[in-house]
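Reader: I've just been handed this one and I'm new to it. Could you walk me through it if I ask a few things?

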Amino acid sequence: MNEETIKTLLTEEKWTRASINTYTVPAFQEIDETLKEYTANDDLLEMKAVCEEHIKKNKNSIIAMYVSGSVSLSRKSLDYGNITSLIEMFNENNKPNVVEFLCEKVLKNFEDKYVLRVLASVYEKAHKEEAMYELYERLVAVDFEETDLLLVIAKRYLQNGDKNGALSFYKKAFQRYLNVQNFQAVQDVWDLLLTLIPDDFSYLLGLAHKIIDRFNGEGGMKVLTQLFQLSIEKDNLDQAITSLKLMLATEPHSEWAREQLVSIYRKKYAGHSRLESCIDLSNLDKSYRDIHLAIDEFEKNIAFDKGSFVYHKTWSIGRIQEITHEKVIIDFASKRDHVMSLSMAFSSLQVLPKQHIWVLKSVFPKDKLKAKFIQDIPWGLRTLITSNNNAATMKEMKSEIVPSILTAKEWTSWLNKAKKVLMSDPLIGFLPNENDVYTVRDTPISYEEKSLVIFRNEKRFYQKVKVIRDFLEHGDVESDFFIEMVKYFRDQCSMYQGVNDQVISSLLLVQDLSARYPFIHEIDNTSFKHLYGLLDSVPQTFKAIEDSELKKAFISQVVVTEDPEKVPYVLVSLYPYYLTSFIMDTLREQGKKKVIEDMFKKACRNYKENADLFTYLSRTYDKKFWEKKIKIPFETLVTSQLQLLDFAFNAIEAKKSTVENKKIAKTLLTILFEERTLFDYLSTCNEGQAQRINFIIQRMQGLDPSRKIEVKHAILERFPEFTFLGEEMSSTEMVSSGLLVTKQRYIDKQNELERIMNVDIPENSKEIGEALALGDLRENSEFKAAKEKQGILNTTMMRLTDEISKATVVTTENVDDSKISFGTLATLKNNITGDTVQYKILGPWESEPKDNIISYLAPFGAKLLNKKEGEQFTFEINEQPYDFTVISIEKLQL
């Protein structure tokens, strides 16, 4: 379906006056099959342009709308509005099958809210309840203003006996109602959650905190009263106390809450010898006393009781033997029956829980504690952390048990195991903003909370971007944890001193998130245009952006912000720093063919300065594109590729940008040799052009000698009488059949080729067939892997076939031992070191340099060739001098 074909179809549609009722699903499928034949972006964009122009005059052209929208969808472009218009048209005309087909076409690429609603409605009318609810779940995942539907989904899960499924949707509904401050709806969901998860006190308490914070205390007392009553029903006094404390934090003058707290304390400490005294001393039951001060004093006093462990900075650990209203009697290890006044005890003693590490060390023998720490590492970690006010660094933990419990060596072993526990135990985490301080949690850490901790502790900007992108995929974006992460990027846009890539990236990220999630507000006090105008260097800022999606967003903003006349040239300046098709597609959409042509020509002409860009363009666009679209001759393209390859080899030798140049060299070698581009050119060029190519090839220091011989053979096959100017040819270097090999290696290569052709390739074909059966090729990793393997196998097969066809088998009888040549053992004296060394001279197939088996084509082997017994010679390779005298030459048994 080229431009002419689509015009013909549109004309036929116009003259036949095809009505909406004549279109069926097979008709659209037929168009899809035709579209599949055209995968080149240029062809697709041309078709789209023709259709868009046709729609201007024929607004209801179904074919034009369908083709235009389909092209947009195939390119993952958001301008697929023509398809949604078709969905609306066919829906109004009661054509459910077509509507379903068009909806599914969109939903394969985008989770469009309108399309999801329409298709759900189609399924509802068709009584396809299961499919309808599946769409409802997809809809609430992308439409964050759709809240009531969450309750419908949750109710269905409950009816089907799936409590956990229902809970996930009730929790989402709670958060959404909270976001829009719908108190009555929040209260209704809260009541449901109380009945569904009465034992999850920590979660319910967290919700109560949110209600109080969001509604400024309104309704807070009601939900806390419900939580308190729930705790009483479960006879959980600690939870009841926690609920009452939060009530009093919300309304400090609540007499009812104060009376209930005193009552619960009396139940909890019913056996305490000083209960009433502690209540009286703290004035806990007196309304005139500040409730928070009263609670603190009561809990401090009540901790002092007979049998409690205490710590004194001079006498260390002791235990209270007796306590009255006036005095305390304590047994310290070094001071038995020590008497202190009650007021002195309160000020100088620290009450310790029984599981405190200091208490354990004073009560249990060292060997018993050591065994416990080694056998139960999670217990040991929790004990050390909670003993340090539930906030301990690894250094503080070590000082507590080394050397008092573990030796330094035992600590090292224990620490290695402890680190694994710290990474996996959901009840141990970090303190906020302190990534080396561990704390023990009451409830397991959620994915969302863990992500926030990682986000806070991460110092690198683009790693923070990665954390939030992972969160978008796996976390709850409506959680407070996500909002806090977004706030970091919002702050970057308002607290900068100079505009750099991080400020720009923050703005782009927040803009993207606000477009996707209505509860995230746009940044009002700045814009991309403003920040863009403050940049010192647009290309360098763009280069510094490390996130691919942010680079695309930057490009899109440039298109709408920059002067239209300058846009193409700015995009060209950015291309070397974003080597994908995105910029090229953007330029095509703008119709900037001349700009594209100039960019390609500049890259080809100035290949050294544009090495990465030229390599990318060479890899991405074929000979046909360069010749027909860019109008660059094949000779110019191949010559520039060869010269850049030579430049890369020289840079590698000089140790300049080694990693980058190795990458360039590898890519160009694949294009020129593995994909046979160079040989395609040699098969069509004239003798003068072949002479120039050979000159470039033969002077390349880093190119494998076998490649050079391969080029010479290709030239001789085309021009049998060809004279290689400036080269002295020898029968050893260049023979009519090419490569000298031993019989065994020749057999090995034949076997390898046979295995590839008869075993590997058929197996690979089967893998491709199985992968195709899996469906959607865009997300089919099995298919991609199989196709990559197919390319490798085909390339290897062609290379082996070529090499075997050029190989000449040499036997012992054919070896000329009057001089160093293929198949000889050369014994040499190293005149620099005085040592005697032996080299076996064979070919590249047999070469093993570490065993002194040298290829006659290698630079070192080539220097030895044709030398005779007694001959002394010197040479230099890579600035390394060599000086040898030939002692003897023998034939090898081949």
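Reader: Is Asn390 buried, exposed or partly exposed?
Author: Before anything else, keep in mind that this is a predicted model. Asn390 sits in the loop between helix H21 (377–387) and H22. Its relative accessible area is 25%, and the partly exposed class runs between under 20% for buried and over 50% for exposed. So Asn390 is partly exposed.

Reader: What about the backbone there: what is the phi of Asn390?
Author: Most residues other than glycine have a negative phi. Asn390 is not a glycine, yet its phi is positive, at about 60°.

Reader: And Asn852, where is that one, and what is its phi?
Author: Look in the loop between strand E11 (836–842) and strand E12 (853–855), which is the place of Asn852. Asn852 counts as partly exposed because its relative accessibility is 26%. Its phi is positive in a residue other than glycine, near 65°.

Reader: Which kind of peptide bond, cis or trans, runs from Val402 to Pro403?
Author: Pro403 is found in the loop between helix H22 (394–401) and helix H23 (408–424). Most peptide bonds are trans. From Val402 to Pro403, though, omega is near 5°, and the bond is cis.

Reader: Let's turn to salt bridges. How many does a search of the whole structure find?
Author: One example is the pair of Arg117 and Asp143, and another joins Glu478 and Arg176. There is also a network linking Lys48, Glu52 and Asp79. The search of the whole structure gives 40 salt bridges.

Reader: How far apart are the closest N and O atoms of Arg117 and Asp143?
Author: A salt bridge needs a side-chain nitrogen of Lys or Arg within 4 Å of a carboxyl oxygen of Asp or Glu. Arg117 and Asp143 form one, with their closest N and O atoms 2.2 Å apart. The pair links distant parts of the chain, 26 residues apart: Arg117 is in helix H7 (residues 113–125), and Asp143 is in the loop between helix H8 (129–142) and helix H9 (148–159). The distance you asked for is 2.2 Å.

Reader: Which of those two is buried and which is partly exposed?
Author: Arg117 has a relative accessible area of 36%, so it is partly exposed. Asp143 has 5% relative accessibility, which is under the 20% limit for buried. The buried residue is therefore Asp143, and the partly exposed one is Arg117.

Reader: How many residues apart in sequence are the parts that Glu478 and Arg176 tie together?
Author: Glu478 and Arg176 form a salt bridge, with the closest N and O atoms 2.5 Å apart. Glu478 lies in the loop between helix H25 (461–474) and helix H26 (480–492), while Arg176 is in helix H10 (residues 163–179), so the pair ties together parts that are 302 residues apart in sequence. Glu478 counts as buried at 3% relative accessibility, and Arg176 counts as buried at 3% too. The separation in sequence is 302 residues.

Reader: What separates Asp470 and Lys466 along helix H25?
Author: Their side chains meet in a salt bridge of 3.2 Å, N to O. Asp470 is partly exposed at 29%, and Lys466 is partly exposed at 44%. Because Asp470 and Lys466 are four residues apart in helix H25, what separates them is about one helical turn.

Reader: Now the strands. Which residue in E14 is the bridge partner of Gln872?
Author: Strand E13 (residues 872–877) has Phe873, Phe875 and Ile877 on its covered face, and Gln872, Thr874 and Glu876 on its uncovered one. Six bridges join E13 to strand E14 (residues 880–891), and the two run antiparallel. They form a hairpin with two residues between them, and Asn878 in the turn has a positive phi of about 50°. In E14, the partner of Gln872 is Thr885.

Reader: And how many residues does the hairpin between E1 and E2 pass through?
Author: E1 and strand E2 (residues 316–323) run antiparallel and are joined by four bridges. In E2, His312 has Ser316 as its bridge partner. The hairpin joins E1 to E2 through three residues.

Conventions. Residues are numbered from 1 along each chain as its sequence is written. This is a predicted model: local features need pLDDT of at least 70, side-chain atom pairs count only at pLDDT 80 or more; totals for chains, interfaces and linings use all residues. Side-chain values use heavy atoms; hydrogens and water are left out. Two strands pair if DSSP finds at least two bridges between them. Buried means under 20% relative accessible area, exposed over 50%, partly exposed in between (1.4 Å probe, protein chains only).
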